[in-house]
Amino acid sequence: VGHNEGWHGYGSGIDRVMRAARSQGANGVVWVTLCETRDIYHWTNRSIEAAAKRWPRLVVADWNEYSHGKRWFADDGLHLTPYGAERLASFLRPYVLRAAAMT
């Protein structure tokens, strides 16, 4: 799930993923916001934020805010450079640990 999907129906898609994850025993799920290089991604991120209010075990990792203005992306502004991939992994680690610790 990411920049290739439109924002219409994104929230219901999150609901489907959350139901499936919970039914398979996941305690928490980390959802990463999209870099808002286009307006459509802003609306996708609002869907993610709204879903977090419906799903207490949904942990939102605000990559959009954290990575804004950083030189971690290829010329398209979306795909990561190798260093950007390292930064994303470092950024996500505490979110993954928090979601894994949910009971």
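This is a short talk on the nonpolar cores, the salt bridges and two threonines of one protein chain.

Hello everyone, and thanks for having me. Please keep in mind throughout that we are looking at a predicted model.

Let's start on the inside. Which residues make up the largest nonpolar core? There are 10 of them: Tyr10, Ile14, Met18, Ala21, Val29, Trp31, Ile48, Ala51, Trp55 and Leu58. Helix H1, which spans 10-23, strand S1 and helix H2 each bring at least two residues to this core. H1 gives the largest share, with four. As general background, nonpolar side chains in soluble globular proteins tend to be buried together.

If you want one residue to click on there, try Val29. Setting aside residues up to four places away in sequence, Val29 touches Met18, Ala21, Arg57, Leu58, Val59 and Ala99. There is also a second core, separate from the one we just toured, with seven residues, among them Ala61, Trp63, Phe91 and Leu92.

Now to the surface. Trp7, Ile40 and Trp43 form a nonpolar patch there of about 280 Å². Trp7 sits in the segment before H1 and is partly exposed, at 32% relative accessibility.

On to the charged pairs. How many salt bridges does a search of the whole structure find? The search turns up three.

One of them pairs the side chains of Asp15 and Arg54, at 3.0 Å from N to O. This pair connects distant parts of the chain, since Asp15 belongs to helix H1 and Arg54 to helix H2, 39 residues apart. Is Asp15 buried or exposed? With 16% relative accessibility, Asp15 counts as buried, because the cut-off for buried is under 20%. Its partner Arg54 is partly exposed, at 41%.

The other two bridges share a residue, Arg46. Glu36 bridges to Arg46 with the closest N and O atoms 3.4 Å apart. Glu36 lies in the loop between S1 and H2 while Arg46 lies in helix H2, so this bridge ties together parts 10 residues apart in sequence. Arg46 also meets Glu49, side chain to side chain, at 2.8 Å from N to O. Those two are both in helix H2, three residues apart, which is about one turn of the helix. Put together, Glu36, Arg46 and Glu49 form a network of salt bridges. Each member counts as partly exposed: Glu36 at 31%, Arg46 at 26% and Glu49 at 36%.

Let me finish with two threonines. Thr33 is in the loop between strand S1 (29-32) and helix H2 (39-54), and it is buried, with a relative accessible area of 3%. What does the side chain of Thr33 join in a polar contact of 3.0 Å? That would be the side chain of Asp62. Beyond its neighbours within four places in sequence, Thr33 is in contact with Asn45, Ile48, Val60, Ala61, Asp62, Trp63 and Asn64. You may recognise Ile48 from the largest core and Ala61 and Trp63 from the second one.

Thr81 is in a loop too, between helix H3 (63-67) and helix H4 (82-101), and counts as partly exposed, at 24%. A polar atom of the Thr81 side chain lies 3.0 Å from the backbone nitrogen of Gly84. Outside its neighbours within four places in sequence, Thr81 contacts Trp72, Phe73 and Ala74. From Thr81 to Arg71, C-alpha to C-alpha, is 8.6 Å, with the two 10 residues apart in sequence.

That's my tour. Thank you for listening!

Conventions. Residues are numbered from 1 along each chain as its sequence is written. This is a predicted model: local features need pLDDT of at least 70, side-chain atom pairs count only at pLDDT 80 or more; totals for chains, interfaces and linings use all residues. Side-chain values use heavy atoms; hydrogens and water are left out. Buried means under 20% relative accessible area, exposed over 50%, partly exposed in between (1.4 Å probe, protein chains only). Contact means heavy atoms within 4.5 Å. A polar contact is a pair of N or O atoms within 3.5 Å; within protein, one must be able to donate a hydrogen and the other to accept it, and residues adjacent in sequence count only if both atoms are side-chain atoms. A nonpolar core is a set of buried Ala, Val, Leu, Ile, Met, Phe, Trp, Tyr and Cys residues joined through side-chain atoms within 4.5 Å. Patches are made of residues with over 30% relative accessible area and no salt bridge: like charges are joined within 9 Å, nonpolar side chains (Val, Leu, Ile, Met, Phe, Trp, Tyr) within 5 Å. Accessible areas come from the Shrake-Rupley method with a 1.4 Å probe; for residues, only the protein chains shown count as cover. A salt bridge is a side-chain nitrogen of Lys or Arg within 4 Å of a carboxyl oxygen of Asp or Glu.
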